[in-house]
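Got your viewer open? Load the model and follow along, one selection at a time.

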Amino acid sequence: MKILFVGDVVGSIGIKAIETYLPEIKKKVKPQLTIVNGENAAGGKGTKEPDYQKITRAGADVVTGGNHTWDKREILDFIDDPKKNILRPYNFSGENVPGRGFLKIKVNTKEVYVINMQGTALMQPLDNPFIAADKLISKLDKDAIKFVDFHAETTSEKIAFANYMVGRVSAVCGTHTHVQTNDAQVINKQTAYLTDVGMTGSYDGILGDKKEPIINRFLTQRPNKFDVDEDGRMQIGFAVIEINDQTNNARSIKNYVITPNNQSFLN
């Protein structure tokens, strides 16, 4: 089985990049499942229903979230809709949190769990993702493929989580930091791992936002309002994971970025 995972969609330019590139990527990769992190789709923070619809119409089967999940109140109008495959981090504290932290999809005859987790190092104090994952995975079907979008700030927490999950999940792919890392690997010939899949949005901005306010903040040490760089050129970051349907172990993981200066994947 091939799983295509696309990194954080930032703003309307990110959605445009999804609409432009995702159909072409899918033609080439031919994935059985496509997952997109959409937590920055609505103006850089949050996801509205029209954003979700555009991302899924372009080819996503599941849209995952992160620390900006609740930034747009409109998400409460559709996150509990069982017909919509949208996730928020599983380890948000509390029993009555809206939405789902994981879902099960049948791909041909194989069951796949897509799990959304969020780290806590240098981020908000959610439930411990290691312990939450322990409890969740113990309840899931053992014979199913399990894919984790681990939305976290620090590389150490991501790497530690992946190693903790080796042999229990098929893949752990990191999101949140918006810069793709060069450490794609299959740990112990079991679990595919990438620290960060990168982002989908403006190639010309800083992490998808306009440069000037961010540079000014570093110069002055004063707060600034950050806006998505909607006028930049597009990029898309993604990874392709191949998984053995019989053992649920990953066979390979490869990471890619399509930018204005690097269109080689499409050639």
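Start with the second largest pocket, which has a volume of about 200 Å³. To light up its lining, select Arg 88, Tyr 90, Asn 91, Phe 92, Gly 94, Glu 95, Val 97, Asp 127, Asn 128, Ile 131 and Ala 132. Colour that set by class and you'll get 5 nonpolar, 3 polar and 3 charged residues.

Now hop over to the largest pocket, where about 460 Å³ of space lies. Its lining has 20 residues, and the closest to its centre are Gly 44, Lys 45, His 68, Asp 209 and Phe 226, so pick those five to find the middle. By class, the lining of this largest pocket comes out as 6 nonpolar, 8 polar and 6 charged residues.

Next, select helix H2, residues 49–57, and show the side chains of its buried residues: Asp 51, Tyr 52 and Ile 55. They sit on the same side of H2, because the arc they cover around the axis is only 100 degrees. In general, an α-helix has 3.6 residues a turn, so residues three or four places apart point the same way. To see what covers the buried residues of H2, add helix H1 (11–29), strand S3 (33–37) and strand S4 (62–64), which are among the covering elements. Then step just past the end of H2 to Gly 59, which takes a positive phi of about 135 degrees.

Last stop: colour by confidence, since this is a predicted model. The chain averages a pLDDT of 97, with 100% of the residues scoring at least 70. Confidence is lowest in helix H5 (residues 211–220), at a mean of 96, and highest in strand S10 (residues 191–194), at 99.

How values were computed. Residues are numbered from 1 along each chain as its sequence is written. This is a predicted model: local features need pLDDT of at least 70, side-chain atom pairs count only at pLDDT 80 or more; totals for chains, interfaces and linings use all residues. Side-chain values use heavy atoms; hydrogens and water are left out. On a 1 Å grid over the protein atoms alone, a cavity is a set of points where a 1.4 Å probe fits but cannot get out, and a pocket is an open set with protein on both sides within 12 Å along at least five of seven lines; lining residues have an atom within 4 Å of a point. Grid points are joined across faces, edges and corners, and a volume is the space filled by probe spheres set on the points. Ala, Val, Leu, Ile, Met, Phe, Trp, Tyr, Cys and Pro count as nonpolar, Asp, Glu, Lys and Arg as charged, and the others, Gly among them, as polar. pLDDT is the predictor's confidence in each residue, from 0 to 100. Helices (H or I, at least four residues) and strands (E, at least two) are DSSP runs, numbered from the N terminus. Buried means under 20% relative accessible area, exposed over 50%, partly exposed in between (1.4 Å probe, protein chains only). The arc is that of the directions from the helix axis to the C-beta atoms. Contact means heavy atoms within 4.5 Å.
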